[in-house]
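I opened the notebook to look up salt bridges and the contact between chains. Entries follow in the order in which I looked.

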Protein chains: 2
Amino acid sequence: MNNKSEHILLSHGSGGKLMHDLVTKSIVSILDNPILTRMDDSAQLTFNGRIAFTTDSYVVKPYFFTGGDIGKLSVCGTVNDLATAGAVPKYLSLSFILEEGFRLDELNVILKSVRQTADEAGVQVVTGDTKVVEKGSTDGIFINTSGLGIIPHGVNVSGSNAKIGDYILLSGTIGDHGIAIMSQREGLRFESPVISDCAPINQLISEAINVSNNIHCLRDPTRGGLATTLNEIAQQSKVGIRIIEQAIPIEQAVQSACEMLGLDPLYVANEGKMVAVVAAPDAEIILNQFHKNKYGTKAKIIGQVVAEHPGRVVMKTPLGTSRILDMPVGELLPRIC
Amino acid sequence: MNNKSEHILLSHGSGGKLMHDLVTKSIVSILDNPILTRMDDSAQLTFNGRIAFTTDSYVVKPYFFTGGDIGKLSVCGTVNDLATAGAVPKYLSLSFILEEGFRLDELNVILKSVRQTADEAGVQVVTGDTKVVEKGSTDGIFINTSGLGIIPHGVNVSGSNAKIGDYILLSGTIGDHGIAIMSQREGLRFESPVISDCAPINQLISEAINVSNNIHCLRDPTRGGLATTLNEIAQQSKVGIRIIEQAIPIEQAVQSACEMLGLDPLYVANEGKMVAVVAAPDAEIILNQFHKNKYGTKAKIIGQVVAEHPGRVVMKTPLGTSRILDMPVGELLPRIC
């Protein structure tokens with residue numbers, strides 16, 4: 001440490017003057033909004049009706065990656081979880097666990113990322129917390145965000161609502177986030193670099209809800225990838241799911257990286273994608289709506305809900321054979337989000 | 001590791017079958033309630049009116065301590081923050097960051113603590129998250145809880161509402177939590193052991209709100225202790241605060257430990273106490289109400305809001321001299337909560 005004041009000290013988390021300065025001069029000044037600047041221990045909000053409430057901790061490694069950083073990710077992940085309830089995200093909490101010695105300039109970059117992504121998603125950070133732990137007691141920075149969103153009247157979306165005959169839509173390519181993180185962590189270089197798909201896709205979902213009342217399930221295929229998400233829906237809804245391998249969009253670079261690393265892209269994490277299970281008559285309308293959003297240009301119908309094999313996901317391969325896609329058992333990629 | 005299945009593995013956080021089993025068999029089965037068991041990515045709740053929203057991450061070391069553990073603390077801290085807004089706490093999120101190798105039996109003890117404290121406070125854990133990081137990347141277990149509470153009609157409590165002439169109440173003794181943690185960390189033994197005051201004091205606050213419309217500020221003196229909390233109120237409300245040293249309740253064992261460790265108990269953390277700034281005519285009524293609650297038997301009126309020295313806290317000592325209580329600048333006790 002050349003200059004102590006440029007790094008996080010234990011005192012930055014101890015409740016005293018240094019913490020007060022960090023909170024007011026860095027955190028609140030970057031995230032500035034009228035609710036946050038009130039500086040009470042709780043934010044006061046007003047709601048009338050149904051709301052969605054969700055939480056996620058982010059431990060991604062490295063915390064700066066191609067296509068984003070832990071700040072952007074911590075907004076996208078929580079905003080997208082709210083969108084899976086059909087909710088319009090409104091408010092976030094933001095809680096840091098920082099390692100003593102963490103660079104203040106890096107914290108500022110991460111905070112600006114939080115602000116920029118929150119602005120894009122239309123949400124405000126209204127309450128927060130900062131803890132500092134001794135050097136060696138953690139890995140740089142961990143973030144928790146919790147989120148609140150408004151569920152519009154008439155919207156009823158749940159992992160248990162998939163119906164036989166429904167179509168399964170996927171909003172874009174698979175595996176981008178996981179492969180971006182992995183290749184950076186392992187120092188791998190590809191001809192064209194793989195960029196994380198990390199993005200807030202709540203607007204994409206709102207637009208779809210505006211054109212259709214027949215969206216039954218929404219879920220973002222993060223940890224465990226597309227295969228895990230489809231298994232969760234099949235189990236929660238007690239239905240079978242059949243997908244077509246050729247229909248699943250994937251970037252060539254991601255495909256090559258997966259082959260090289262021995263990974264199945266169906267199990268690799270995404271951070272800006274949505275699986276939508278929708279009534280068959282509305283599938284084309286929703287697909288067209290997805291295509292109009294910059295995060296949905298590569299959306300596809302990838303399969304259907306079926307009466308056979310309830311609780312299981314089966315994929316039809318280009319050779320015409322069928323493959324059962326199980327829940328993953330072994331070790332997947334750690335610290336992907 | 002003698003038996004792998006008794007410890008947290010990286011796969012417990014990777015989104016696959018092991019994580020699914022951990023979540024359903026341990027976490028959800030212990031915290032069991034109809035909203036949580038729905039197992040969607042977001043909980044769905046209904047509100048009509050003003051709500052309070054708060055978040056805290058807990059990194060206390062050691063995570064088992066005399067009078068509680070990180071599970072109990074993570075409920076109390078957030079519930080008490082909601083109470084500082086005059087809110088009735090209703091729902092919590094619960095997010096774990098676990099170190100690979102963490103003992104599953106310890107996790108279960110912590111989860112049972114969460115459940116028991118949540119039951120006492122009258123709140124439900126409705127959504128959650130579990131991340132696992134490699135051995136050495138963190139320090140056993142970190143927990144984040146975010147909370148939602150309902151602010152009753154007519155309640156208007158804020159750190160900026162203190163008025164000149166108001167009385168300052170403290171719900172009990174100071175320094176118990178910080179000294180309990182410190183003495184355990186340092187392996188110190190006293191004649192009578194110091195027990196953390198960690199407790200959910202939302203009922204104590206609700207009872208006070210029921211007997212008085214004239215509670216202006218509520219704040220729990222956690223990190224930075226009583227002196228920091230009073231400074232925050234003085235600054236937010238732009239008033240002076242004068243307190244009487246002899247009026248501040250403190251256990252003899254805590255006093256002795258502070259003298260031995262060279263700590264000022266006014267700056268030591270509490271986890272089951274509340275500072276209330278109230279209109280003078282209601283002070284006795286509220287004090288009597290505090291005394292009826294098991295967490296308020298030692299409550300005292302400790303001082304008054306004054307027009308002099310706005311933004312500052314001054315303490316009158318038994319010798320009749322005055323001492324300015326500043327915001328702490330240097331290093332306080334780290335990882336106290």
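I began with A:Lys61 and B:Glu134, whose side chains meet in a salt bridge at 3.0 Å, N to O. The model is a predicted one, so I take the distances here as computed values.

Next I counted the salt bridges between chain A and chain B and got 10. I then asked how many residue pairs are in polar contact across this interface. The search returned 48 pairs, both residues at pLDDT 80 or more.

I looked up which elements of chain A supply at least two residues each to the side that touches chain B. They are helix 1 (17-31), strand 1 (43-58), helix 2 (70-83), strand 4 (88-99), strand 5, strand 6 and helix 6 (225-237). Strand 1 of chain A gives the largest share, 15 residues. By residue class I noted 30 nonpolar, 33 polar and 17 charged on this side of chain A.

I followed strand 1 of chain A across to chain B. It is joined by 11 bridges to strand 1 (residues 43-58) of chain B, and the two run antiparallel. For A:Gln44 I found B:Ala52 as the bridge partner.

For the extent of the interface, I noted 80 residues of chain A in contact with 80 residues of chain B. The two chains bury about 6100 Å² between them, with 51% of it on carbon and sulfur atoms. A:Asp41, A:Phe53 and A:Arg223 supply 13% of the area that chain A buries against chain B, more than any other three residues.

I went back to salt bridges and searched the whole structure, which gave 39 over all chains. One of them pairs B:Arg335 with A:Glu134, the closest N and O atoms being 2.8 Å apart. B:Arg335 lies in the segment after strand 13 (322-325) of chain B and A:Glu134 in the loop between strand 5 (124-133) and strand 6 (141-150) of chain A, so this pair joins two chains. Are these two residues buried or exposed? I found both B:Arg335 and A:Glu134 buried.

Within chain A, I recorded a salt bridge of A:Arg323 with A:Asp264 at 2.5 Å between the closest N and O atoms. A:Arg323 is in strand 13 (residues 322-325) and A:Asp264 in the loop between helix 7 (252-261) and strand 10 (275-278), 59 residues apart. A:Arg323 is partly exposed at 32% relative accessibility, and A:Asp264 is partly exposed at 25%.

Within chain B, I checked B:Lys273 and B:Asp197, which form a salt bridge at 3.0 Å, N to O. The pair ties together parts that are 76 residues apart in sequence. Both B:Lys273 and B:Asp197 are buried.

Terms used: Residues numbered from 1 in each chain as written. Chains lettered and ligands numbered in written order. Predicted model: local features only at pLDDT ≥ 70, side-chain atom pairs only at ≥ 80, totals over all residues. Heavy atoms only, no water. Salt bridge = Lys/Arg side-chain N within 4 Å of Asp/Glu carboxyl O. Helix = DSSP H or I, 4+ residues; strand = E, 2+ residues; numbered from the N terminus. Buried < 20%, exposed > 50% of the residue type's maximum accessible area, 1.4 Å probe, protein only. Contact = heavy atoms within 4.5 Å. Buried area = accessible area lost by both parts, 1.4 Å probe. Polar contact = N/O pair within 3.5 Å; in protein donor to acceptor, adjacent residues only side chain to side chain. Nonpolar A, V, L, I, M, F, W, Y, C, P; charged D, E, K, R; others polar. Pairing = 2+ DSSP bridges.
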